[in-house]
Amino acid sequence: MAPRCWRWWPWAAWPRTRPPPSESTQSRSRAPVGLNGSAGRPASAKYRSFRQQFSTQEQTPQICVVGSGPAGFYTAQHLLKHHSRAHVDIYEKQLVPFGLVRFGVAPDHPEVKNVINTFTRTAHSDRCAFHGNVVVGRDVTVQELRDAYHAVVLSYGAEDHRGLEIPGEELLGVLSARAFVGWYNGLPENRKLAPDLSCDTAVVLGQGNVALDVARILLTPPEYLEKTDITEAALGALRQSQVKTVWIVGRRGPLQVAFTIKRSLARGSGWWNYCFEQPRRSQGWRRLPAGHRPPAPGASAFSEALSRCCPRQMGGERQASAWQSPDWSLSLVLPTLSPQGVGEATRAVPTGAVEDLPCGLVLSSIGYKSCPIDPSVPFDPKLGVIPNMEGRVVDVPGLYCSGWVKRGPTGVITTTMTDSFVTGQILLQDLKAGLLPSGPRPGYAAIKALLGRRGVWPVSFSDWEKLDAEEVSRGQGAGKPREKLLDPQEMLRLLGR
Ligand SMILES: Cc1cc2nc3c(=O)[nH]c(=O)nc-3n(C[C@H](O)[C@H](O)[C@H](O)COP(=O)(O)OP(=O)(O)OC[C@H]3O[C@@H](n4cnc5c(N)ncnc54)[C@H](O)[C@@H]3O)c2cc1C
Ligand SMILES: NC(=O)c1ccc[n+]([C@@H]2O[C@H](COP(=O)([O-])OP(=O)(O)OC[C@H]3O[C@@H](n4cnc5c(N)ncnc54)[C@H](OP(=O)(O)O)[C@@H]3O)[C@@H](O)[C@H]2O)c1
């Protein structure tokens, strides 16, 4: 692709003749500087002639990443580690970083959030900058980013939920698990969700790990959540909750569920047996001393719990028991399915029978969904991903993707890490092979100017650290690791904006 010359960077495509200087002569901090009002030294003639002589590979490659979840941070980490001069800007739509690590991972799994320490180390690199409060596709286009950077990596995750597309989905009391998770985890757009927990019975549709997370949060006695980073509003609602029974309904038998059995058994899963066999409000539950965990059940106990979760199993061999698929109109209607065929060819076939499952709350948990970010970026609506080959966006040189938007909304943080490292590696290979635009690129200097003209005020990582300190201090009184700030306006006020 022909390099694009910036108006304020007329020497961008000058020929490269001299050998590159040694790495020690290169600035390891942000470069280039002094452009178009950016901070730092002016682009003197000496500096320009120095810079014009080496290729993109040898210069400071300006790379930007869209999204600051695991995919964004792991991609940035790989690029910074394996290219000693690369500079990475991370753009994030929220005022705060870390994506689903903050807004998805369940509050009672704090150990998972330790990856934030690794991400923070990456953000502290003097070759990395975080720009929150910037919605790519709205505040700045992907084309504008491509013009300003040598390469752009799209790591914006899967922010929507898959709909069941069956009648009744819009009824009051029917929510997506995504919104419910966002609510208890303090996602600003879901802070006013106010789910009605005055019912006795809730149904979760889907059998993935998110389904387990929401069922567990609904059933966990609030005192076990009090010392987590769950929002105070969610904790208050859960304290008032009347939900005693949660049905997890899926279209497969217990042996084919999508959730991680080992993890569920290993981590507090004594609860499962207990929760599903006894309503949480029972005296037995309430009498448990604080901190007590019922012993983790063995596999047989788990199957027993599951047979109670999956309504109306027909008995006999579990693989041969009836399957059910969610569908409802005014109340939840479960058509009964029966497995036919063997192995991978097994299909669930309706038996014609339907059963009603009365409930007051339905949480649809059949997966997340990525959306197109910008008309200039190809998108496969069927698979819900950006078409790519190992992270290279098909037919768009210089554009890459990683994480859930690359491979679909499945996989844990380590899967996302591996996948992001591959994208980083591919990008660096392309850089080395001279496949990315040559000549310097202005990077954030150009985007900052654009955003300023559009009235968008990005927040930096040190801004986030101020918000972080505020959250930690607000949580201290209640013995929580933090009390999350929920209102973007309040966050901006705290930052003096
Ligand atoms: C409810 C839930 C719980 C989970 N729990 C666990 C767990 O316990 N352990 C585990 O290993 N894995 C867990 N996972 C999986 C893990 O969260 C994912 O593998 C991982 O977060 C995917 O990373 P990502 O960066 O692709 O997406 P995300 O984490 O979603 O990050 C995407 C980022 O892009 C930003 N963004 C979106 N659009 C734009 C835009 N237009 N402009 C700028 N920025 C944008 C988003 O705000 C977000 O910060 C969980 C997933 C969910 C849904
Ligand atoms: N603790 C953790 O480590 C943790 C926590 C949360 C999430 N995660 C990860 O995050 C990813 C996303 O989790 P997820 O639970 O959203 O997705 P998921 O694992 O893909 O599970 C989705 C569930 O919805 C079902 N489903 C899909 N379409 C359906 C339909 N039309 N009708 C009925 N059921 C339907 C699926 O059934 P089929 O199997 O039949 O398709 C499956 O049971 C997963 O990789 C998960 O492991 C991990």
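Visitor: What is pLDDT, and what does the chain average?

Guide: pLDDT is the predictor's confidence in each residue, on a scale from 0 to 100. In this predicted model, the chain averages a pLDDT of 78, and 72% of the residues score at least 70. Local features need pLDDT of at least 70 and side-chain atom pairs count only at pLDDT 80 or more, while totals for chains, interfaces and linings use all residues. Residues are numbered from 1 along each chain as its sequence is written, and chains are lettered from A and ligands numbered from 1 in the order in which they are written.

Visitor: Over which residues does pLDDT stay under 50?

Guide: As a general caution, where pLDDT is low, the predicted coordinates should not be read in detail. Here pLDDT stays under 50 over residues 1–54, for which the model has 70 contacts beyond four places in sequence, a contact being two residues whose C-beta atoms, placed from the backbone, lie within 7 Å. The pLDDT is also below 50 over residues 263–330, a stretch with 106 contacts beyond near neighbours in sequence.

Visitor: How should I read the packing of helix H2 against helix H14?

Guide: Two packed helices are described by the angle between their axes and the distance between the axes. Helices (H or I, at least four residues) are DSSP runs numbered from the N terminus, and their axes are lines fitted to C-alpha atoms over the stretch in contact, with angles running from 0 to 180 degrees between N-to-C directions. For H2 (residues 70–82) and H14 (residues 413–432), the angle is about 45° and the axes are 8 Å apart. That makes H2 oblique to H14, since angles under 35 degrees count as roughly parallel, over 145 as roughly antiparallel, 65 to 115 as roughly perpendicular and the rest as oblique. The crossing of H2 and H14 is right-handed, meaning that the near helix is turned clockwise from the far one by less than a right angle, whereas an anticlockwise turn is left-handed. Among the residues that meet are Tyr74 and His78 in H2 and Phe421 and Leu428 in H14. The residues of this contact divide into 9 nonpolar, 8 polar and no charged, where Ala, Val, Leu, Ile, Met, Phe, Trp, Tyr, Cys and Pro count as nonpolar, Asp, Glu, Lys and Arg as charged, and the others, Gly among them, as polar.

Visitor: At what angle do H2 and helix H4 pack?

Guide: H2 and H4 (residues 115–123) pack at about 50°, with their axes 10 Å apart, and they are therefore oblique to each other. H2 passes H4 in a left-handed crossing, in which Pro70, Phe73, Ala76, Gln77 and Leu80 of H2 meet Val115, Phe119 and Thr122 of H4.

Visitor: Which residues come nearest to ligand 1?

Guide: A residue is near a molecule if its C-beta atom, placed from the backbone, lies within 6 Å of it. Of the 35 residues around ligand 1, Gly67, Gly69, Gly99, Gly157 and Gly403 come nearest, and the largest share of this shell, 3 residues, comes from H2. By class, the shell around ligand 1 has 17 nonpolar, 14 polar and 4 charged residues.

Visitor: How many residues surround ligand 2?

Guide: Ligand 2 is surrounded by 23 residues, the closest being Gly206, Gln207, Gly208, Asn209 and Val210. Helix H7 (residues 209–219) gives the largest share of that shell, 4 residues.

Note on methods: Helix = DSSP H or I, 4+ residues; strand = E, 2+ residues; numbered from the N terminus.
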